[in-house]
Each structure stands twice: as C-alpha cells, then as structure tokens.
Number of protein chains: 2
Amino acid sequence: MLSNLKRPITLKESALNELKEAITLGYFAPGERLVERVLCEQLGVSRTVIRECIRHLESDQLVIAKANVGPTVATLNPEEVSEIYEIRSMLEVSAVRSCALVADETVITDLENYCDLISRSLTSGNIKEALSDTRLFYQSIFIAGGKTVAWDLVERLNSRIGQLRAVTLSSQGRSVAGPKNLLAIVAAIKAHDADTAAQACAEHLAQAKEIALNELDS
Amino acid sequence: MLSNLKRPITLKESALNELKEAITLGYFAPGERLVERVLCEQLGVSRTVIRECIRHLESDQLVIAKANVGPTVATLNPEEVSEIYEIRSMLEVSAVRSCALVADETVITDLENYCDLISRSLTSGNIKEALSDTRLFYQSIFIAGGKTVAWDLVERLNSRIGQLRAVTLSSQGRSVAGPKNLLAIVAAIKAHDADTAAQACAEHLAQAKEIALNELDS
DNA sequence: TATTGTATGATGGTATACAATCTAAAAATA
DNA sequence: TATTTTTAGATTGTATACCATCATACAATA
C-alpha cells in the first residue's frame, strides 16, 4: 500500500534510474555529451525511451540540453553548490523543527536505528549504503514533520550534488563528528527541543558545505 | 544574450508551453485525464512530441502519471499549498535579505518600475500582465541577491499553484495593501534595511497564503 | 447477484524514415 | 602556413506505423 499509484516499473523508469546513478556516481564526466544512439545501445532500449529519460534529466537539471545539439552532463560551479547547501539548510532545519515538535516514539526509534546503520556503513567503508541510509534518516524527519513538498525539493537538490555527497559523507564519517551530529539531532528531537535540534542540523549542513566546496576546487 | 543556449524553439518546447499555460490557467480541470491522441489533435503535433511533453510535465509535477493509465492533471490539497507558500516565504525572504545588502541604483529603479507596472495592470484588471510583471519583480530581486538556484525552485513552486496565484494576486491587488507591500519591500531594499525588507516580504507571503487557502476550499 | 469473458481503447515500447542542423574534416583560398 | 569555405557525416527533431500489454466498461453466464 506504500506506493500503489505506480506499482508497475516501466522500462523508462529503470533506464532513468540507471542514468541518474551513472551521472551522480560520476560514470559520465561533467560536460560530457550524451548521444542518444549510444545510450540506446548501452541500456538496450529504444530512442523513444532514451529521449523521455533525457527530458526528465533535463528538468532535474542533471543534464543541460541544447536544441539540435543534445544534452551534456551538467557541471557544478561553487556558487551553485554553496546555494544548494544553504537552501538545504533552510529546508532541513525547518523540517527538523517540525519533527521535534511532533515526533512520537516510533519515529525516534526509527531515527536511532538509521543512525546506527549509518555509523556501521561508514566504519565498514560502504559509502553507497551510508548514503542510502542517510536518505532514509532525513526522509523520516521530513515525513514526520509533514514536509513532503520540502522533501521533494531536497531530493532534487541532492541529486544535483550527487558526486559531492559521496565525498562529504565519507569525509564526515571518517571524523567522529559526523555521526555524532546526527545523534545530537535525534537526541534533541527526542527531548522535543526544537531549537537545539535545529542548531545541530544547521551545523551539520555547514560542515558538509565546507567539505563539498573544498572538494569542488580540487 | 539572456538565453542564448537554446535559441531555436523546438516544436516540443512550444507545445510544452501551451500545455503548461493551459494547465496553470485552468483550461484543464484538476484530476482531468490527458489523452495523448486528443492532445496530438489539439496541438497539431505527433505523439512523439506529446509524450515528451507529458514526461516533462510529470517531472514538474503539473501532472501525475500512472503507468498504463496515463497522466491526469495534478490536484492540490491544502497541506501542499500551505507548505508551498511556507517554502516560498523562506526562499523569498532570504533573497530579499541578500538583495537589500547589495542592491545598486539600477536594481532599485528596476524594482520601482515593476511596482508601477504591477499597480497599473491591477487597476486596469489585467491579471495576466500583473502576474508576468510580478514575476519580473521577484526575478530581479533573486538575481540581484545571487540566488539563482532558489529562483528556479520558486518558479517551479509557482507553476504548481498557477491557478491560485491569479486569484491571490487579483485579490491582493483589489485591496490597497498588495502593491503597498511591494513598495515597502523596495523602500527597505533602497535603505539597505534587510530586516525590514524581510519582514515586509514575509507579511506579503503570509497574506497571499491565506487568500490561496481560502480560495482552495471554495 | 456475482462472476467471468470479451471488446474497446489507451498506454508502453519498438522500429523506421526523413528533414534540419550541427560538427568536424577536407579543400580552397589568401 | 594560416584562414576561410565547402562538404560530408553524424545527430537531433519529428512523424508514422505497429505491437503487446493493461484498464475499463459491458455483456454473457452461472
């Protein structure tokens, strides 16, 4: 009953997921041109499907399409990255606040479990898993806080900085501070202390932003 | 030089614009099904083009596509609308703050001109023109404040509440308060008074939110 | 009445064709 | 040689035809 609106996974969807992952994981270099025919062969689907995927990627701003030339993988400049982290901070802080006010026991145990999973994945070096669990962690916060639109925006913003996120996460994870920050957020939520939770969240994001910006000009 | 990246307007682009306008202006009822073949005839283009348009609208969340059934015009519930206005408020307040800190004479005269245009359009009952000028007003603020990513998000959010915006704008315009609020923002920006500008902006948005929510359950 | 077929229409997907346009190499020119 | 022009190839934009699958409404049956 979770998502009974589009149960059947279409070819276009799975192709889109593959392309998204390929872009965010850096299999395509930023600025690289994406040629329809080549993608058709690589993914084993027709041009129709590829074109629909490209339109989707275009409106997600993962690629930039020029008429009669085709799409290229979007590049990130420091200003954009900086702004993306600032917006994320606003949205996440707001969600954390709302969550702290209404969170019940179920939500809190969920969050604690995710923290645990994230720590474990990070210590074992499984970045991909850590990213996925971090996503679930924040998703729980946003949903609990009733911020579904904001969550959607955050996901879009995150997909645009996908490459950087892997770096920031592993960097934050290597230090002790990263998971500690998340635990601080959960503790404050548990205590229904919105201000403290908001501040912990803001600090975590500011830290991530610094790491991302450093990574970007390297 | 504004958008020299995609000068050639393709069929798909113009069809997409027509569809967007048709949806945001309410020519299609919320929840109504969009049938490919019908759209092909109405717009005089092939299914290929229509399908790409639908994918684009889908990822803009103006339509909701169900696999094997097709797209329907998205409906708005009060929670979504409320959240959209809250997010807009966060983003716009932030942009107004930045703008107030850096705005030069050029920006300010632009803003004053737009205010004038908006007032005139509203008194003459030209809502469409007023919407367009309001867009330019805020765009100037965001660009001046260096918030290009945020501006993009605001435009997406606005397109989702397109029907409501026409109502709120004309409602705010009928009262004297609406244009007065905008003038207050400009005055504060002119004085480089970020706090006052931010507050005026927040009030304006809160007002718009109320009107929109009232309209929604009528 | 409730269930099961069945017909119809829409979508998801493929393949193909062709014109317009871009790109890059080849050729011509200075 | 350096620069411009031409030209051929590659790629996109769009149209069309076709098939399989799914959804829905309706008819037939028990």
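What rotation superposes chain A on chain B? In this predicted model, chain A is brought onto chain B by a rotation of 180° with 0.1 Å of shift along its axis, and the RMSD of the superposition is 0.2 Å. That is the relation of a two-fold axis. The two copies meet through the same surface, because 97% of the interface residues of chain A are also interface residues in chain B.

Both chains take part in the surroundings of each DNA strand. Around DNA strand D there are 22 residues, of which Arg47(A), Arg51(A), Leu11(B), Ser46(B) and Thr48(B) come nearest. Of the atoms of this strand that lie within 4 Å of the protein, 72% belong to sugar or phosphate, while the rest belong to bases. Phosphate oxygens of DNA strand D are approached from chain A by a backbone N or O atom of Leu34(A), at 3.5 Å, and by a polar side-chain atom of Arg37(A), at 3.1 Å. From chain B, an N or O atom in the side chain of Ser46(B) lies 2.6 Å from a phosphate oxygen of the strand. The elements that contribute two or more residues to this surface are helix 2 (36–43) and helix 3 (47–59) of chain A, together with helix 1 (11–24) and helix 3 (47–59) of chain B. By class, the residues of the surface near DNA strand D divide into 8 nonpolar, 6 polar and 8 charged.

DNA strand C is likewise surrounded by 22 residues, and the closest are Leu11(A), Ser46(A), Thr48(A), Arg51(B) and Arg55(B). Sugar and phosphate make up 80% of the atoms of DNA strand C that come within 4 Å of the protein. On the side of chain B, a polar side-chain atom of Arg33(B) is 3.5 Å from a sugar or linking oxygen of this strand, a polar backbone atom of Leu34(B) is 3.4 Å from a phosphate oxygen, and an N or O atom in the side chain of Arg37(B) is 3.1 Å from a phosphate oxygen. Two or more residues of the surface near DNA strand C are given by each of helix 1 (11–24) and helix 3 of chain A and helix 2 (36–43) and helix 3 of chain B. This surface has 8 nonpolar, 6 polar and 8 charged residues.

The interior of the protein was examined next. The largest nonpolar core has 93 residues, and those with the most contacts inside it are Phe137(A), Ile141(A), Ile189(A), Phe137(B), Ile141(B) and Ile189(B). In soluble globular proteins, nonpolar side chains tend to be buried together. Beyond residues up to four places away in sequence, Ile189(A) touches Val96(A), Cys99(A), Ala100(A), Ala103(A), Ile108(A), Leu111(A), Ile141(A) and Ala197(A).

Two further residues illustrate local packing. Leu16(A) belongs to helix 1 of chain A and has a relative accessible area of 6%, so Leu16(A) is buried. Apart from residues up to four places away in sequence, Leu16(A) touches Cys53(A), His56(A) and Leu57(A). In chain B, Thr168(B) lies in helix 8 (residues 162–174) and counts as buried because its relative accessibility is 5%. A polar atom of the Thr168(B) side chain lies 3.0 Å from the backbone oxygen of Arg165(B). With neighbours within four places in sequence left aside, Thr168(B) is in contact with Tyr85(B), Ala208(B), Ile211(B) and Ala212(B).

Conventions: Residues are numbered from 1 along each chain as its sequence is written. Chains are lettered from A and ligands numbered from 1 in the order in which they are written. This is a predicted model: local features need pLDDT of at least 70, side-chain atom pairs count only at pLDDT 80 or more; totals for chains, interfaces and linings use all residues. Side-chain values use heavy atoms; hydrogens and water are left out. Copies are superposed by least squares on the C-alpha atoms of residues with pLDDT of at least 70 in both. Contact means heavy atoms within 4.5 Å. A residue is near a molecule or strand if one of its heavy atoms lies within 4 Å of it. A polar contact is a pair of N or O atoms within 3.5 Å; within protein, one must be able to donate a hydrogen and the other to accept it, and residues adjacent in sequence count only if both atoms are side-chain atoms. Helices (H or I, at least four residues) and strands (E, at least two) are DSSP runs, numbered from the N terminus. Ala, Val, Leu, Ile, Met, Phe, Trp, Tyr, Cys and Pro count as nonpolar, Asp, Glu, Lys and Arg as charged, and the others, Gly among them, as polar. A nonpolar core is a set of buried Ala, Val, Leu, Ile, Met, Phe, Trp, Tyr and Cys residues joined through side-chain atoms within 4.5 Å. Buried means under 20% relative accessible area, exposed over 50%, partly exposed in between (1.4 Å probe, protein chains only).
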